[in-house]
Amino acid sequence: MEEIKTYTQSERDWAMFCHLSAFAGFFFPFGGIIGPVICWISRKDESEWINANGKASLNFQISILLYTVLLIPLCFIIVGIPLLVLLGILEFVCIIVASIRAAKGETFKYPLSIPFLQ
């Protein structure tokens with residue numbers, strides 16, 4: 001059975017902010033990466049929980065950026081457009097779910113995430 005760990009409210013809040021900051025990508029170019037990087041770097045040494053969530057968020061955002069770049073050429077043959085829309089919906093939903101789980105002190109494994117940062 002998995003051991004239940006308790007985290008302080010501050011740890012849970014900052015872990016949640018690491019995920020929520022990715023929403024900046026919907027408003028600013030590269031904001032989805034810059035937001036999690038700022039949250040992660042500013043608090044990663046304070047808690048392993050914040051460090052793990054920051055890495056997970058950043059890995060997912062870098063993966064989404066990579067998938068987006070790979071899908072853009074497919075937009076010229078139409079198939080890329082619905083795939084980009086589905087990728088955006090997946091990103092939106094995963095950010096929300098990961099944020100809620102982090103706030104509760106639970107882990108969340110992002111789908112399609114490439115582990116760039118270990």
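## C94 and its surroundings

C94 lies in helix 4, in what is a predicted model. The loop before helix 4 follows helix 3, and helix 4 itself spans residues 80–104. With a relative accessible area of 5%, C94 is buried, since the cut-off for that term is under 20%.

Setting aside residues up to four places away in sequence, C94 touches F60, F108, Y110 and P111. One of these partners, F108, is 14 residues from C94 along the chain, and the two C-alpha atoms are separated by 9.0 Å.

## Helix 1 against helix 3

Two packed helices are described by the angle between their axes and the distance between the axes. For helix 1 (residues 9–20) and helix 3, the angle is about 10° and the axes are 8 Å apart. Helix 1 is therefore roughly parallel to helix 3, because angles under 35 degrees count as roughly parallel.

On the helix 1 side, the residues that meet helix 3 are E11, R12, W14, A15, C18 and H19. Their counterparts in helix 3 are W49, I50, N53, G54 and S57.

## Helix 1 against helix 4

Helix 1 also packs with helix 4: the two axes come within 7 Å and cross at roughly 170°. This makes helix 1 roughly antiparallel to helix 4, because the angle is over the 145 degrees set for that term.

Helix 1 contributes R12, A15, M16, H19 and L20 to this meeting. From helix 4 come I95, A98, S99, A102, A103 and K104. R12, A15 and H19 are among the helix 1 residues that meet helix 3, and R12, A15 and H19 are also among those that meet helix 4.

## K55, a buried lysine in helix 3

K55 is placed in helix 3, which covers residues 48–71. Is K55 buried or exposed, and which side chain of opposite charge is nearest to it? K55 is buried, and the nearest side chain of opposite charge is that of E48, 5.4 Å away. K55 has no salt bridge; the 5.4 Å to E48 does not meet the cut-off, because a salt bridge needs the nitrogen and the carboxyl oxygen within 4 Å.

The side chain of K55 does have a polar atom 2.7 Å from the backbone oxygen of Q118. Q118 is also one of the residues that K55 touches, together with W40 and L117, when residues up to four places away in sequence are not counted.

## N59 and the chain after helix 4

N59 is another residue of helix 3. Its relative accessibility is 6%, and N59 counts as buried. Leaving out neighbours within four places in sequence, N59 is in contact with S113, I114, P115, F116 and L117. L117 is thus a contact of N59 and is touched by K55 as well.

## Salt bridges

Side chains of opposite charge can pair when their charged atoms come close. How many salt bridges does the structure hold? There are two salt bridges in the structure.

In one, the side chains of E46 and R43 meet, with 3.2 Å from N to O. E46 is exposed, at a relative accessible area of 51%, while R43 is partly exposed at 24%. In the other, E106 pairs with R101, and the closest N and O atoms are 3.6 Å apart. Both E106 and R101 are partly exposed: E106 has a relative accessible area of 38%, and R101 has one of 32%.

## Positive phi in two loops

F30 is a residue other than glycine, yet its phi is positive, near 60°. F30 sits in the loop between helix 1 and helix 2, the latter being residues 31–43. F30 is exposed, with a relative accessible area of 55%.

I78 is likewise not a glycine and has a positive phi of about 70°. The loop that holds I78 runs between helix 3 and helix 4. I78 is exposed, with a relative accessible area of 57%.

## G35 in helix 2

G35 is in helix 2 and is buried, with a relative accessible area of 13%. Along the sequence, G35 and S57 are 22 residues apart. In space, their C-alpha atoms are 9.8 Å apart. S57 is also one of the helix 3 residues that meet helix 1.

Terms used: Residues numbered from 1 in each chain as written. Predicted model: local features only at pLDDT ≥ 70, side-chain atom pairs only at ≥ 80, totals over all residues. Heavy atoms only, no water. Helix = DSSP H or I, 4+ residues; strand = E, 2+ residues; numbered from the N terminus. Buried < 20%, exposed > 50% of the residue type's maximum accessible area, 1.4 Å probe, protein only. Lys, Arg positive; Asp, Glu negative; His and termini not counted. Polar contact = N/O pair within 3.5 Å; in protein donor to acceptor, adjacent residues only side chain to side chain. Contact = heavy atoms within 4.5 Å. Axes fitted to C-alpha atoms, helices over the stretch in contact; angles between N-to-C directions. Parallel < 35°, antiparallel > 145°, perpendicular 65-115°, else oblique.
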